[in-house]
Amino acid sequence: MPNCEKCGFPLPEDAEYCPNCGAPVRRMHGSSRAALMSASRILQAGILGAFISVMISSLSPPGVQLYFIPSFVSSLLVMFLFRPRRFEDAIAISFTVYLFSDAILGGMIFGTLYIKGISLSEAYRGYMLTFLDVAAYVFNPVSALIAAYLGNKIALGMIGESGEYGGATEQYTPEEEPGGVIYSLKRHIHSHKV
Ligand SMILES: [Zn+2]
């Protein structure tokens with residue numbers, strides 16, 4: 001049974017405040033639970049990112065090849081929104097974005113050609129692959145990894161690196177301001193510093 005950090009009073013299982021002194025109870029185990037992203041949430045993030053990526057690709061002017069950039073940008077965007085704390089979750093999100101957006105784009109392009117009755121050779125008539133095409137194709141999965149790494153860094157930067165959300169990394173301190181007392185969120189970032 002946990003004890004109150006302030007007065008040592010034994011705490012009931014679900015106590016949010018100490019019954020003896022009224023101090024708020026910090027829950028360390030809650031942070032590890034929050035750190036895990038469910039598969040459905042990863043899918044949500046991935047599908048949202050894929051649609052954003054397809055939108056960017058569709059809005060780009062004809063003749064302009066963006067390669068991995070739409071998926072890269074939208075991976076970062078959804079990681080900013082969903083904040084995966086674990087690198088594994090970030091990788092799962094970025095790869096979902098890349099795979100789904102390629103699948104959707106492929107479906108759109110093939111579907112359009114099919115409906116209009118245009119053959120593939122006709123659609124790509126005279127198109128010679130450039131070195132950039134090949135290099136971008138090879139770099140594609142690498143850029144997904146980089147997106148996951150950067151997105152994970154962004155997410156951790158916003159919520160505190162250690163993931164101990166319950167107390168150790170953040171504290172609320174009252175601050176005197178001309179308009180009154182405001183409560184500012186102070187982050188202990190010394191754990192990040194090298
Ligand atoms: Zn207490």
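Val97 sits in helix 4 of what is a predicted model, and this residue is a handy place to start looking at how the helices pack. Val97 counts as buried because 33 other C-beta atoms lie within 10 Å, against the 20 or more that burial calls for. Setting aside neighbours within four places in sequence, the contacts of Val97 are Gly46, Gly49, Ala50, Ser53, Ser71, Ser74, Ser75 and Val78. Take Ser71 as an example: 26 residues separate Ser71 from Val97 along the chain, yet their C-alpha atoms are 6.4 Å apart.

Now for the helix that carries Val97. Helix 4 covers residues 87–116. With 30 residues, helix 4 runs 43 Å from first C-alpha to last, close to the 44 Å expected at 1.5 Å a residue. Its buried residues are Asp89, Ala90, Ile93, Ser94, Thr96, Val97, Tyr98, Phe100 and Ser101. Some general helix geometry helps in reading such a list: with 3.6 residues a turn, an α-helix has residues three or four places apart pointing the same way. Just past the end of helix 4, Gly117 adopts a positive phi of about 70°.

One partner of helix 4 is helix 2, residues 39–59. The axes of helix 2 and helix 4 approach within 7 Å and cross at roughly 45°. That angle makes helix 2 oblique to helix 4, and the crossing is right-handed. On the helix 2 side, the contact is built from Ile42, Leu43, Ala45, Gly46, Ile47, Gly49, Ala50, Ser53, Val54 and Ser57. Facing them from helix 4 are Asp89, Ala92, Ile93, Thr96, Val97, Phe100, Ser101, Ile104 and Leu105. Sorted by character, the residues of this contact come out as 12 nonpolar, 6 polar and 1 charged.

Helix 2 itself has 21 residues, which should span 30 Å at 1.5 Å a residue, and its end C-alpha atoms are indeed 30 Å apart. Buried in helix 2 are Ile42, Ala45, Gly46, Gly49, Ala50, Ser53, Val54 and Ser57. Helix 3 and helix 4 are among the elements covering these buried residues.

Helix 3, residues 69–82, also packs against helix 4, at an angle of about 140° and with the axes 9 Å apart. The pair is therefore oblique too, given that an angle has to be over 145 degrees to count as roughly antiparallel. This crossing is right-handed. Helix 3 brings Pro70, Ser71, Ser74, Ser75, Val78, Met79 and Phe82 to the contact, while helix 4 supplies Ala90, Ile93, Ser94, Val97, Tyr98 and Ser101. The tally for these residues is 8 nonpolar, 5 polar and no charged. Val97 turns up here as well as in the contact with helix 2, and so do Ile93 and Ser101.

Stepping back to the whole protein chain, there are 6 helices and 2 strands, arranged along the sequence as α-α-α-α-α-α-β-β. Of the 194 residues in the chain, 20% are buried. As for contacts between residues at least 6 apart in sequence, 56% join residues at least 24 apart. The pairing of Val97 with Ser71, 26 residues away in sequence, is one such link.

Notes
Residues are numbered from 1 along each chain as its sequence is written. This is a predicted model: local features need pLDDT of at least 70, side-chain atom pairs count only at pLDDT 80 or more; totals for chains, interfaces and linings use all residues. Axes are lines fitted to C-alpha atoms, for helices over the stretch in contact, and angles run from 0 to 180 degrees between N-to-C directions. Helices (H or I, at least four residues) and strands (E, at least two) are DSSP runs, numbered from the N terminus. Angles under 35 degrees count as roughly parallel, over 145 as roughly antiparallel, 65 to 115 as roughly perpendicular and the rest as oblique. A crossing is left-handed if the near helix is turned anticlockwise from the far one by less than a right angle, and right-handed if clockwise. Two residues are in contact if their C-beta atoms, placed from the backbone, lie within 7 Å. Ala, Val, Leu, Ile, Met, Phe, Trp, Tyr, Cys and Pro count as nonpolar, Asp, Glu, Lys and Arg as charged, and the others, Gly among them, as polar. A residue is buried if 20 or more other C-beta atoms lie within 10 Å of its own, exposed if 12 or fewer, and partly exposed in between; C-beta atoms are placed from the backbone. The expected span of a helix is 1.5 Å times one less than its number of residues.
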